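Please take a moment with the sequence and the model shown below before reading on. The paragraphs that follow go through a few helices, two pockets and two serine residues in turn.

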Amino acid sequence: KNEYENALNKYVEASKYDPKFIQALMNSGHIYVIKNYLNKALAVYAKVLELTPDNPTALCNIALIKYKQGDKNAAFNILFKLAVKGGEKNYLVHKYLGIIWLEKGKAHDAIVSLKKAVELNNKDIDNHINLGVCFHKTNVLNTGAEHYLKALDIEPQNMIALKNLALLYFDWGKNHEAIELYEKLLDLEPENMPAIKNIGHSYRKIGGLSKAIEHYNSYIRINDKDPEIHLNLGITYFETDDFTNAHEAFKTLLKLGKKYLPISYCYLSKIYEKSEEYNYALDFARKAVHIDGKYAEGFVQYGKMSLKSGKKNKAISYLEKALALEPRHKEAKTLLDELLPAK
């Protein structure tokens, strides 16, 4: 009935009549855990272990309390021993052992424990979510997706499963599936920023540039200090030939950190090239490569603008530099093939 105080009083009274009444002690401990009186629970379980030293349920409950208190090493040691002997049929042993393995970065070990937990209790949504995380981390994406989908079968609007599956699809390159889930997420959490960001990226990857711009701008209305979004917004505007807005995006990006100066200057050069303002274009390309002497795209742009200024030899030099930095750069190779005499 969830009348925990009354239940606790009865169990304490029963224990006074019979101090060896294991079930009364165990249930008292359970109520203390529910009420978050963890040290009282530990004291009760210690009494249980005095009576039955290898009681697997008491040991498991102690491990879970230790985990909750942050003593994960103690929890792990108890659970590991129980998994070998004494608690092999208790799915919580394998569940929390799997969780701790996962937190230790041992995804393969976590999979072994969590699979056992699923065998013992297929309806615990946490087990499927954690297996999804493990398989995502080990790049077995199809199996990871299967476990997230099983979690959603149990609880269709579980936010953790939705977010994790959407991210898995995004990382997998299944952009249409990612978009479908991110749109569902945004119906539930309209200001979920990772969802807004990744749905923008997903639309961009499938060529839905106007939708990508819409979501990037939605993100900026919530947080206008994320340089990655301004970068992607600027590039997407550029790809749609909206050079005015692209210019604004890259001018904003210039203010958001030195890391983005070279690419911002490079794109500003490309924008001025489109409007045939070659002096400005040359100047911004020069700034890009002066800041980052290993930026191949910057040298390509500098070479192109040098050529526009009638400086063929300099153009060749910059394009060769770009190709040395990035041997597979197609545009640099094509331009050099045009500029250099055939051997």
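How many residues does helix α17 have, and how far does it reach from its first C-alpha to its last? In this model, which is predicted, helix α17 covers residues 278–291, so that it has 14 residues, and it reaches 20 Å between those two end atoms, close to the 20 Å expected at 1.5 Å a residue. Along α17, the buried residues are Ala-281, Leu-282, Phe-284, Ala-285, Ala-288 and Val-289. An α-helix has 3.6 residues a turn, so residues three or four places apart point the same way. The buried residues of α17 pack against two other helices, namely α16 and α18, the latter made up of residues 296–308.

Helix α18 can be read in the same manner. With 13 residues, α18 reaches 19 Å from its first C-alpha to its last, which is close to the 18 Å expected at 1.5 Å a residue. Its buried residues are Ala-296, Gly-298, Phe-299, Val-300, Gln-301, Tyr-302, Gly-303, Met-305 and Ser-306, and what covers them includes α16 and α17 as well as α19 (312–325) and α20 (330–339). After α18 comes Gly-310, a residue whose phi is positive, near 80 degrees.

Helix α16, which packs against the buried residues of α17, spans residues 261–274 and holds Ser-264. Is Ser-264 buried or exposed? Ser-264 counts as buried because its relative accessibility is 0%, and the cut-off for that word is a value under 20%. The side chain of Ser-264 reaches the backbone oxygen of Tyr-260 at 2.7 Å. When residues up to four places away in sequence are left out, Ser-264 touches Phe-250, Leu-253 and Leu-254.

A second serine, Ser-113, is found in helix α7, which runs over residues 107–120. Ser-113 also counts as buried, because its relative accessibility is 7%. Not counting residues up to four places away in sequence, the residues that Ser-113 touches are His-94, Leu-97, Gly-98 and Trp-101.

The pockets come next. Rolling a probe the size of a water molecule over the atoms shows where empty space is left. The largest pocket has a volume of about 280 Å³, and 13 residues line it, with His-30, Val-33, Tyr-45, Asn-61 and Leu-64 lying nearest its centre. Three helices, α2 (22–34), α4 (56–68) and α6 (91–103), each supply at least two residues of this lining, and among the contributors α4 gives the most, with 6 residues. Sorted by class, the lining of the largest pocket has 8 nonpolar, 4 polar and 1 charged residues.

Which residues line the second largest pocket? That pocket holds about 240 Å³ of space, and its lining is formed by Val-12, Ser-15, Lys-16, Pro-19, Leu-25, Ser-28, Tyr-32, Lys-40, Val-44, Lys-47, Glu-50 and Leu-51. The elements that give two or more residues to this lining are α1 (4–17), α2 and α3 (38–51), with α3 giving the most, at 5 residues. By class, the lining of the second largest pocket has 6 nonpolar, 2 polar and 4 charged residues. Helix α2 thus appears in the lists for both pockets, since it supplies at least two residues to the lining of the largest pocket and gives two or more to that of the second largest.

Definitions and conventions. Residues are numbered from 1 along each chain as its sequence is written. This is a predicted model: local features need pLDDT of at least 70, side-chain atom pairs count only at pLDDT 80 or more; totals for chains, interfaces and linings use all residues. Side-chain values use heavy atoms; hydrogens and water are left out. Helices (H or I, at least four residues) and strands (E, at least two) are DSSP runs, numbered from the N terminus. Buried means under 20% relative accessible area, exposed over 50%, partly exposed in between (1.4 Å probe, protein chains only). A polar contact is a pair of N or O atoms within 3.5 Å; within protein, one must be able to donate a hydrogen and the other to accept it, and residues adjacent in sequence count only if both atoms are side-chain atoms. Contact means heavy atoms within 4.5 Å. The expected span of a helix is 1.5 Å times one less than its number of residues. On a 1 Å grid over the protein atoms alone, a cavity is a set of points where a 1.4 Å probe fits but cannot get out, and a pocket is an open set with protein on both sides within 12 Å along at least five of seven lines; lining residues have an atom within 4 Å of a point. Grid points are joined across faces, edges and corners, and a volume is the space filled by probe spheres set on the points. Ala, Val, Leu, Ile, Met, Phe, Trp, Tyr, Cys and Pro count as nonpolar, Asp, Glu, Lys and Arg as charged, and the others, Gly among them, as polar.
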